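Work through the exercises below with the sequence and the 3D structure open. Try each task before reading its solution.

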Amino acid sequence: MLASRNARVAVGHRVATAPVNRALLAARPGRCGLIATKAQKKEIMMWEALREAIDEEMERDPTVCVMGEDVGHYGGSYKCTLGLYKKYGDMRVLDTPICENGFTGMGVGAAMTGLRPIVEGMNMGFLLLAFNQISNNCGMLHYTSGGQFKVPMVIRGPGGVGRQLGAEHSQRLESYFQSIPGVQLVACSTVRNAKALLKAAIRSDNPVIFFEHVLLYNVKGEAGGAEELACLERAEVVREGTDVTIFTYSRMRYVVMQAVNDLVKKGYNPEVVDLISLKPFDMETISKSIRKTRKAIIVEECMKTGGIGASLSAVINESLFNELDHEVVRLSSQDVPTAYAYELEAATIVQASQVVEAVERVCGSRAMALA
């Protein structure tokens, strides 16, 4: 597909040409490198920030390509590649058949030969059809080839409980992929970290599974500049506090912050940590927070049995047990298929009122602070 690292890329019957900045091309994000720039002054939606990240990385590096169902002419199921096929051609923004196992395997092969593919799953639930490629090839080839190959690819797409999408389109597959050796898991939550994390994932030499929540695409915020990268292995302290640490990620960040507004009025001072990196966990940030508050609540949209919260709870109990003054509390989705009916759908996932109740239970009842 791409014969060399110059900017001439065969695109069907034509050739697309783009300038390459060699100095930027040589830069790869370090283990926890961060290049901070000023955020854009205007607010954009998360899908626009993700599109910007892909566009900027494709312009910067001609080995970056996109493949998936409807990513080209249609612009992606949530418009994250809107119009890019016109700029880069339909071989770098490749529409594929409905065959997740096939085009994910093609992405693995492309990465092995020197490209940096971005594979879009129209819905994360569909990637179960590509599980063999992700587990046996994407995650393991660097090891099984004795280091002869690397697989610098990003697998991204929407997941989570939306608005009456039904059980098969409401999957939370983070824990499915967490057990695969050799892959990193990242869950974005804001406009700014979505763009910065995706850019870092594209530049990483490791395979990265990039989770985007279906209800966050229209969240608005300021995005960073073309060279702002975020560490793929670093959690974010969203709010500092002293009473209890609430660990969360993705859309549950907003549910937790909604609960925090009520908790503050009741006199509580919770700390909120957005995990962002679901594999590996940022144990430095996690440990520091627990040693300060000595209490931990995990809020997730993943299922309770075998979920991300189960893994995190086990790690906290194994390594920080003596730092805890209370058992770890997990608030997770119920272990049932997600209902289509709105009221039943809402009942299966964590709500802000449940977070408030959990904090009151862990910290003890507290009279509302008087002004």
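**Exercise 1. Find which residues line the second largest pocket, and sort them.**

Step 1. The second largest pocket has 14 lining residues, and those nearest its centre are R163, R251, Y342, I349 and Q351. On a 1 Å grid over the protein atoms alone, a pocket is an open set of points with protein on both sides within 12 Å along at least five of seven lines, and a lining residue has an atom within 4 Å of a point.

Step 2. Helices α9 (252-265) and α12 (342-348) each give at least two residues to this lining. The largest share, three residues, belongs to α12. Helices (H or I, at least four residues) and strands (E, at least two) are DSSP runs, numbered from the N terminus.

Step 3. Sorted by class, the lining of the second largest pocket holds eight nonpolar, three polar and three charged residues. Here Ala, Val, Leu, Ile, Met, Phe, Trp, Tyr, Cys and Pro count as nonpolar, Asp, Glu, Lys and Arg as charged, and the others, Gly among them, as polar.

Step 4. The space in the second largest pocket is about 210 Å³. A volume is the space filled by probe spheres set on the grid points, which are joined across faces, edges and corners.

**Exercise 2. State what kind of model this is and where to read it with care.**

Step 1. The model is predicted: local features need pLDDT of at least 70, side-chain atom pairs count only at pLDDT 80 or more, and totals for chains, interfaces and linings use all residues. Residues are numbered from 1 along each chain as its sequence is written, and side-chain values use heavy atoms, with hydrogens and water left out.

Step 2. The average pLDDT (the predictor's confidence in each residue, from 0 to 100) is 88, and 87% of the residues score at least 70. Residues 1-30 have a pLDDT below 50, and this stretch has 63 contacts in the model beyond near neighbours in sequence. Residues 367-371 are also below 50, with six such contacts. A contact means heavy atoms within 4.5 Å.

Step 3. Where pLDDT is low, the predicted coordinates should not be read in detail.

**Exercise 3. Describe the surroundings of strand β9.**

Step 1. Strand β9 covers residues 208-213, and six of its six residues are buried, so the strand is largely enclosed by the rest of the structure. Buried means under 20% relative accessible area, exposed over 50%, and partly exposed in between (1.4 Å probe, protein chains only).

Step 2. V208, F210 and E212 point one way from β9, while I209, F211 and H213 point the other way.

Step 3. Strand β7 (residues 154-159) pairs with β9 in the parallel sense over six bridges, and V154 stands opposite V208. Strand β8 (residues 184-187) also pairs with β9 in the parallel sense, over four bridges, and A187 has F211 as its bridge partner. Two strands pair if DSSP finds at least two bridges between them.

**Exercise 4. Is Q133 buried or exposed, and what does it touch?**

Step 1. Q133 lies in helix α5 (residues 131-138). Its relative accessible area is 14%, so Q133 is buried.

Step 2. Leaving out residues up to four places away in sequence, Q133 touches N101, T104, G105, V108 and C138.

Step 3. The buried residues of α5 are Q133, I134, S135 and C138. Among the elements that cover them are α4 (100-112), β7 and β9.

**Exercise 5. Locate the largest cavity and the unusual backbone angles.**

Step 1. There is one cavity of 30 Å³ or more. A cavity is a set of grid points where a 1.4 Å probe fits but cannot get out. About 140 Å³ of space lies in the largest cavity.

Step 2. Of the 15 residues lining the largest cavity, G159, G160, E174, H213 and S250 lie nearest its centre. Strand β9 gives the largest share, three residues. The lining has five nonpolar, five polar and five charged residues.

Step 3. Most residues other than glycine have a negative phi, and most peptide bonds are trans. S250, in the loop between β12 (245-248) and α9, has a positive phi near 55 degrees. I276 has a positive phi of about 60 degrees and is buried, at 5% relative accessibility.

Step 4. K279 and P280 are joined by a cis peptide bond, with omega about 0 degrees. P280 lies in the loop between β14 (277-279) and α10 (283-293).
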